[in-house]
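Trainee: I am new to this structure, and I would like to understand the words people use for it. Could we go through them together?

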Amino acid sequence: MSGAAELIRIAKAEVGYKEGFSNGHWNNKEKYAAQVPGMAWVSDGGYPWCALFVSWAALKSGNNDLFPRTASCATALTWFRSKGRFSEYPAIGAQILFGPNGGTHTGIVVAYDSASVWSVEGNTNTNNSPEGDGVYLRKHARRDAHVYGYGLPAFPEGVTTADPSLKGKKGFTYAAKADGPAAKHAAPKTGLKKVVVKSGMTLTSIAVAAGVTLAALLTANPAVKDPNVIKPGQTINVPAKPSATAKATPKATPKPTPKASSKPTPKPSSTKGCK
């Protein structure tokens with residue numbers, strides 16, 4: 001698998017992840033910093049982690065040397081500029097940078113066309129609140145004043161970019177529109193919906209409301225070790241309600257039947273700033 005493909009796969013798998021919640025607020029405590037050598041201080045101190053998320057994805061996807069290891073968007077911009085790999089045009093797997101000087105927020109580009117760019121971003125949200133809470137797949141207008149530019153990693157397979165000045169140059173493939181490997185313009189459908197726990201909720205009450213069993217709910221949430229302990233702000237995966245018409249496949253009998261029939265199992269149905 002190419003460098004960009006693995007980077008995108010790793011990043012998109014995190015869509016839906018939420019940071020910690022305490023005292024009525026999202027607290028910037030996340031799982032990524034402890035997995036990146038030398039960066040544990042980001043989570044320990046409750047610092048913004050959008051740039052840290054990009055560093056984590058680069059490390060986990062085997063692209064560690066192609067991105068700066070930093071929690072600073074400004075440092076990431078300087079790093080790409082120093083290598084002559086900054087562009088005002090999007091590229092697949094590029095590090096997108098936001099803000100007046102590119103130092104406000106960041107993410108990883110998974111697709112673009114002539115009007116829009118899609119990116120996976122950590123420490124953000126979808127309600128334009130300045131308090132980011134997790135990892136999301138976002139869509140932005142390419143010519144939005146908040147979009148500053150892009151760092152272009154030197155992927156071994158080359159970079160697919162919309163930058164016309166790079167057309168025909170070694171290591172670059174020009175494309176006015178491109179999707180990353182296995183990239184989609186919407187979050188992947190998993191058959192799961194997500195419920196954010198509110199005060200007074202229990203796993204049992206969530207299961208009853210969703211029409212699923214407690215066992216199914218626990219299976220969809222392997223991180224929940226004690227079904228009696230969930231906290232406000234925590235995200236619970238809720239599997240699709242089983243179809244009332246679904247029937248179990250009958251057990252085979254020693255005598256052949258004239259017809260074999262079975263029913264198929266139904267299929268489960270503005271960027272924040274670095275705070």
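Mentor: Gladly! Let us begin with pLDDT, which is the predictor's confidence in each residue, from 0 to 100. This is a predicted model, where local features need pLDDT of at least 70, side-chain atom pairs count only at pLDDT 80 or more, and totals for chains, interfaces and linings use all residues. Residues are numbered from 1 along each chain as its sequence is written, and side-chain values use heavy atoms, with hydrogens and water left out.

Trainee: Over residues 245-273, what does pLDDT stay under?

Mentor: Over residues 245-273 it stays under 50, and the model has 29 contacts beyond four places in sequence for them; contact means heavy atoms within 4.5 Å. Residues 182-189 also stay under 50 in pLDDT, with 13 such contacts. Where pLDDT is low, the predicted coordinates should not be read in detail. For the protein as a whole, the average pLDDT is 84, and 83% of the residues score at least 70.

Trainee: Which helices and strands should I look for, and how many are there?

Mentor: There are 6 helices and 13 strands. Both are DSSP runs numbered from the N terminus: helices are H or I with at least four residues, strands are E with at least two.

Trainee: Why is tyrosine 32 called buried?

Mentor: Its relative accessible area is 0%. Buried means under 20% relative accessible area, exposed over 50%, and partly exposed in between, with a 1.4 Å probe and protein chains only. Tyrosine 32 is therefore buried. Buried residues make up 45% of the 275 residues in the protein.

Trainee: And why does tyrosine 148 count as partly exposed?

Mentor: Tyrosine 148 has 27% relative accessibility, which lies between 20% and 50%, so it counts as partly exposed.

Trainee: How do you know that lysine 139 is exposed?

Mentor: The relative accessible area of lysine 139 is 53%, which is over 50%, so the residue is exposed. Lysine 139 lies in strand S7 and touches Ser116, Val117 and Trp118, not counting residues up to four places away in sequence.

Trainee: What makes helix H1 mostly covered?

Mentor: In H1, 9 of its 10 residues are buried, among them Leu7, Ile8 and Ile10. The cover over these buried residues includes H3, S5, S6 and S7.

Trainee: What makes a group of residues a nonpolar core?

Mentor: A nonpolar core is a set of buried Ala, Val, Leu, Ile, Met, Phe, Trp, Tyr and Cys residues joined through side-chain atoms within 4.5 Å. The largest one here has 47 residues, and Tyr32, Trp49, Leu52, Phe53, Phe67 and Tyr150 touch the most other members. Elements that each supply at least two residues include helix H1 (3-12), helix H3 (50-60) and strand S8 (147-151). H3 gives the most, with 6 residues. A second, separate core of 12 residues includes Val195, Val197, Ile206 and Val238.

Trainee: Why is the pair of tyrosine 32 and tryptophan 56 called edge-to-face?

Mentor: Rings of Phe, Tyr and Trp (its six-membered ring) pair if their centres lie within 6.5 Å; planes under 30 degrees apart count as stacked, over 60 as edge-to-face and the rest as tilted. The structure holds 11 aromatic pairs. For tyrosine 32 and tryptophan 56, the centres are 4.7 Å apart and the planes meet at 65°, so this pair is edge-to-face. Tyrosine 32 sits in the loop between strand S2 (25-26) and helix H2 (40-44), while tryptophan 56 is in helix H3, 24 residues apart.

Trainee: What makes the pair of phenylalanine 86 and tyrosine 148 tilted?

Mentor: The centres are 5.8 Å apart and the planes differ by 40°, which falls between 30 and 60 degrees, so the pair is tilted. Phenylalanine 86 lies in strand S3 (residues 86-87) and tyrosine 148 in strand S8, so the pair ties together parts 62 residues apart in sequence.

Trainee: How do you know that the charged end of lysine 83 sits over the ring of tryptophan 79?

Mentor: A charge sits over a ring if NZ of Lys or CZ of Arg is within 6 Å of the ring centre and within 35 degrees of the ring normal. The charged end of lysine 83 is 4.8 Å from the ring centre of tryptophan 79. Lysine 167 likewise sits over the ring of tyrosine 174, 4.3 Å from its centre.
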